[in-house]
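Me: I would like to work through this structure with you step by step, beginning with strand pairing and then turning to the cores and the cysteines.

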Amino acid sequence: MPNLQISQPQTAAQKSSYDRTDWQRGYESQPNESDYWIDDIEGEIPAGLQGTFFRNGPGLLDINGQRIHHPFDGDGMVCAIAISEGRAHFRNRFVRTEGYLAEQEAGKILHRGVFGTQKPGGWLANIFDVKIKNIANTNIIYWGEKLLALWEAAQPYRLDPRTLETLGLDTLDGILEPGEAFAAHPRIEKGKNGKGDRLVNFSVKPGLSSTITIYELDESGKLLQRHAHAIPGFAFLHDMVITPNYCIFFQNPVSFNPLLFFLGLRSAAQCIQFSPNKPTQAILIPRNGTDEVKILETEPCFVFHHCNAWEEEGEVFVDSVCYESFPTVDADADFRELDFESVPAGELWRFKLNLQEETVQHQVVETRCCEFPTLHPNNVGQPYRYLYIGAADAPTGNAPLQAILKMDFVTGERQIWSAAPRGFAGEPVFVPRPDAVAEDDGWLLLLMYDAANHRSTLVILDARDITKGPVARLHLKQHIPYGLHGSFTPNVLLPIGS
């Protein structure tokens, strides 16, 4: 395993870096849709930065005053910031899913949510209602000239890339059957030796035995490969990483008893139970679709998001954000009153998978609370030096993400930029500088919530040295609720006539 400088826990008492009321206001719904040029800019947009930054996340945390129980149940709202010649244009639109339109017309919650939202009326109103509402709120990608809003349990919704108008459910030109899922965490493998880029994604049908289907698409959206594999047990898989030869999943040690869900007493996620005495399983599915699937066991942990994976001298390495247990969703709790110290914080672990000996070892690389990793797109599935990740301001304890951490896996150096005390960060997106050679030569884009002004700001950081602070802050006219994932395309997708 590469020699890494390991982050050591700090024991000194830390003063809170945030005010709870500030943090809570970032979860207020944003029902308004806007369309304008961003005029309030601090600093200058870098001359070489051209393209469109997309971000998706729950835009509504209530329906006509009826609160959503968990932010993961909120209707998807897509933001687009098109950057061209030193200017930037903002637009946001809700994904007009079938469920969104019905609830807006009714003025009330009509659907149960996976993470705890129930229809008003108690268990009698929810019993035996197992219909899944596609909320299209997790990720947004531009691929094959299609803009797709993704949610892991259903088909993607296609949007107009310039106006964000919802065009409807999309089958990817017949690749997907009606109702077939397309997960929210595709990986894009950059083409080498004259080959084009590939999008690799998956879907999961969980059950007593689960089926994982792998899809590989070329740059035009044409299907290159599709293969399905049965995996023993109930699969709760949110993310995947790739190497040249494998798609890699971590099967979390959980069980699912749906009885209370069927009876209308709990949501599906509230019926998931973490099993601390069972191992986590690393599932390696060969990308050729024919070789044997390998399943290796490691100590219990819970993974939502992976950072990257690569192959080296016959071994496979995987960097992941790990939790000591599944962060349970209490049926009676208000997520805005979360006691951060009572729930596990994410740490960065590096796993070494020896396929010959069928063993797994790991190191804890970073103990600071962290989530939402990103890296240079050329290094997806390859060895890499630099990782960027959302982090807590303080080096110890669980807390909201207010900072960005840069990690150098060669020197062990850490850089941090923090928006504390009144700024709240999320997922950074790495954009390479045109014609750059160095791996960290580019920019980080992130949408930050500014509690002091109850608005959101697009922050642009120089990825070579984030300690210098933003090279530009593009202040929006409104706040955007905390989001999930985003992407960047070098295409400047401005509305026609703008």
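Me: How many bridges pair strand β3 with strand β6, and in which sense, parallel or antiparallel?

Reply: The model is a predicted one, and its protein chain averages a pLDDT of 94, with 97% of the residues scoring at least 70. Strand β3 covers residues 51-60 and strand β6 covers residues 75-84. As one position in this pairing, R55 has C79 in β6 as its bridge partner. The two strands pair in the antiparallel sense, and the count of bridges is nine.

Me: In what order do the strands of the open five-stranded sheet lie, and which are the edge strands?

Reply: The five strands follow the order β1-β7-β6-β3-β35 with antiparallel pairing, and the twist from one strand to the next averages 15°. Each edge strand pairs on one side only, and these are β1 (35-37) and β35 (486-489).

Me: Over which residues is the pLDDT below 50?

Reply: The average for the protein chain is 94, but one stretch is below 50 and has 16 contacts in the model beyond near neighbours in sequence. Those contacts should be read with the pLDDT in mind, and the stretch in question is residues 5-13.

Me: Which strand gives the most residues to the largest nonpolar core?

Reply: This core has 28 residues, and those touching the most other members are I38, L49, I81, F90, L458, L474 and L476. At least two core residues come from each of β3, β6, β7 (87-94), β31 (429-432), β32 (442-450), β33 (455-462) and β34 (472-475). With four residues, the strand that gives the most is β6.

Me: Which residue in β34 stands opposite L458?

Reply: Strands β33 and β34 run antiparallel and are joined by four bridges. Leaving aside residues up to four places away in sequence, L458 touches F53, I81, I83, L445, L446, L447, A472, R473 and L474. Of the residues in β34, the one that stands opposite L458 is L474.

Me: Which residue of β34 does E42 stand opposite?

Reply: Strand β2 (residues 41-43) is joined to β34 by three bridges, and the two strands run antiparallel. Within β34, the residue opposite E42 is R473.

Me: Which residue in the turn of the hairpin formed by β28 and β29 has a positive phi, and of about what value?

Reply: Strand β28 (residues 403-408) pairs with β29 in the antiparallel sense over five bridges, and M407 has R414 in β29 as its bridge partner. Five residues lie between the two strands of the hairpin, and the turn residue with a positive phi is G412, at about 85°.

Me: Which residues make up the covered face of strand β29?

Reply: Strand β29 runs over residues 414-418, and its uncovered face holds R414, I416 and S418. The covered face consists of Q415 and W417.

Me: Why does C369 form no disulfide with its closest cysteine, and how far apart are the sulfurs?

Reply: A search of the whole structure finds zero disulfides. C369 is buried, with a relative accessible area of 4%, and C79 is also buried, at 3%. The closest cysteine sulfur to that of C369 is in C370, a residue included in a second, separate core of 24 residues. The bond is absent because the sulfurs are too far apart for one, the separation being 6.7 Å.

Definitions and conventions. Residues are numbered from 1 along each chain as its sequence is written. This is a predicted model: local features need pLDDT of at least 70, side-chain atom pairs count only at pLDDT 80 or more; totals for chains, interfaces and linings use all residues. Side-chain values use heavy atoms; hydrogens and water are left out. pLDDT is the predictor's confidence in each residue, from 0 to 100. Contact means heavy atoms within 4.5 Å. Two strands pair if DSSP finds at least two bridges between them. Axes are lines fitted to C-alpha atoms, for helices over the stretch in contact, and angles run from 0 to 180 degrees between N-to-C directions. Buried means under 20% relative accessible area, exposed over 50%, partly exposed in between (1.4 Å probe, protein chains only). A nonpolar core is a set of buried Ala, Val, Leu, Ile, Met, Phe, Trp, Tyr and Cys residues joined through side-chain atoms within 4.5 Å. A disulfide is a pair of cysteine sulfur atoms within 2.5 Å.
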